[in-house]
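Open the structure in your viewer and keep the sequence panel beside it. The stops below say what to select and what is found there.

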Amino acid sequence: MGDAQEPRWLDEDQRETWLALVALVMRLPAALDAQLQRDAGISHFEYQVLAGLSMAPERTLRMSVLAGFAEGSLSRLSQVVSRLEKRGWVERTPDPADGRYTLAILTDTGWDTVVATAPGHVAEVQRLIFDALTKAQQRQLGEIGRRIVAKIDPSDPCITGRIP
């Protein structure tokens, strides 16, 4: 046990950067949630589910793929999809290609909800993120985000370009 390696402690600049990143990661989802709840009565996670389906071919995805896109567990996704089904926005059906899987399908009413909700959501993203940055900083932020996500999960759709 005598060869214990000293931890790589953060230097002052790294610590300040880390604290800023933690604040961003904690506060941004809450701010997006607040806007979506106020304007559309849905959470950011629910919006991600609807948006993921809206971008998919035939507005249909396997629940497991959708869970990965929305960054949620299958059980959380199942609960959310149940709520969205009650609103008539999503339907579930067995996958005809493999009955072990369940497909989530965005209904026409769900599509209308995404279309109606997207402008306010995008305006909030513009206000909170892009209005605060120069074009060069926006590009840097994208590159930084992709590099960090690639370290966490190289198969993430933001890295692979397969969304969803």
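Begin with the contacts of the whole chain. Among contacts between residues at least 6 apart in sequence, 49% join residues at least 24 apart. Keep in mind that this is a predicted model.

**The whole protein**

Show the C-alpha trace and turn it along its principal axes: the trace spans about 55 × 45 × 25 Å. Now switch to a cartoon. The protein has seven helices and three strands, and from the N terminus on their order is α-α-β-α-α-β-β-α-α-α.

Next, show the surface. About 11,100 Å² is exposed, and carbon and sulfur atoms supply 56% of that area. Of the 164 residues, 28% count as buried. Colour the charged side chains: 19 are positive and 22 are negative, and the centres of the two sets lie 2 Å apart.

**The annotated span**

Select residues 14-150. An unreviewed UniProt entry lists this span as "domain: HTH marR-type". In the model, the span is 71% helix and 9% strand, and its end C-alpha atoms lie 20 Å apart.

**The strands**

Select S3, residues 102-106, together with S1, residues 60-62. These two strands pair in the antiparallel sense over three bridges. Which residue of S3 is the bridge partner of Leu 61? Ala 104 is that partner.

Now add S2, residues 90-94, which pairs with S3 in the antiparallel sense over five bridges. Pick Glu 91 and look across to S3, where Ile 105 stands opposite.

**The loop before S1**

Move to the loop between helix H2 (44-55) and S1, and select Glu 58 there. Arg 59 lies in the loop between H2 and S1 as well. Look at the backbone angles of each residue. Phi of Glu 58 is near 55°, a positive value in a residue other than glycine. Arg 59 is not a glycine either, and its phi is positive at about 55°. Most residues other than glycine have a negative phi.

Is Glu 58 buried or exposed? Glu 58 counts as exposed because its relative accessibility is 75%, and the cut-off for exposed is over 50%.

**Helix H5 and helix H1**

Select helix H5, residues 108-128, and find Glu 124 in it. Glu 124 is buried because its relative accessible area is 11%, and buried means under 20%. Show what surrounds this side chain. Leaving aside residues up to four places away in sequence, Glu 124 touches Ala 31, Leu 32 and Gln 35. Then draw a distance from Glu 124 to Leu 36: the two are 88 residues apart in sequence, yet 9.3 Å apart in space, C-alpha to C-alpha.

Go on to Ala 31, one of the residues that Glu 124 touches. Ala 31 has its place in helix H1, residues 12-40. At 25% relative accessibility, Ala 31 counts as partly exposed. Which residues does Ala 31 touch, not counting residues up to four places away in sequence? They are Glu 124 and Leu 128.

For the last stop, draw a distance from Ala 31 to Thr 102. These residues are 71 apart in sequence and 32 Å apart in space, C-alpha to C-alpha.

Key. Residues numbered from 1 in each chain as written. Predicted model: local features only at pLDDT ≥ 70, side-chain atom pairs only at ≥ 80, totals over all residues. Heavy atoms only, no water. Pairing = 2+ DSSP bridges. Helix = DSSP H or I, 4+ residues; strand = E, 2+ residues; numbered from the N terminus. UniProt positions renumbered as here; feature names shortened; annotations may be inferred. Buried < 20%, exposed > 50% of the residue type's maximum accessible area, 1.4 Å probe, protein only. Contact = heavy atoms within 4.5 Å. Areas by Shrake-Rupley, 256 points an atom, 1.4 Å probe, with all protein chains shown as cover. Lys, Arg positive; Asp, Glu negative; His and termini not counted. Charge placed at Lys NZ, Arg CZ, Asp CG, Glu CD.
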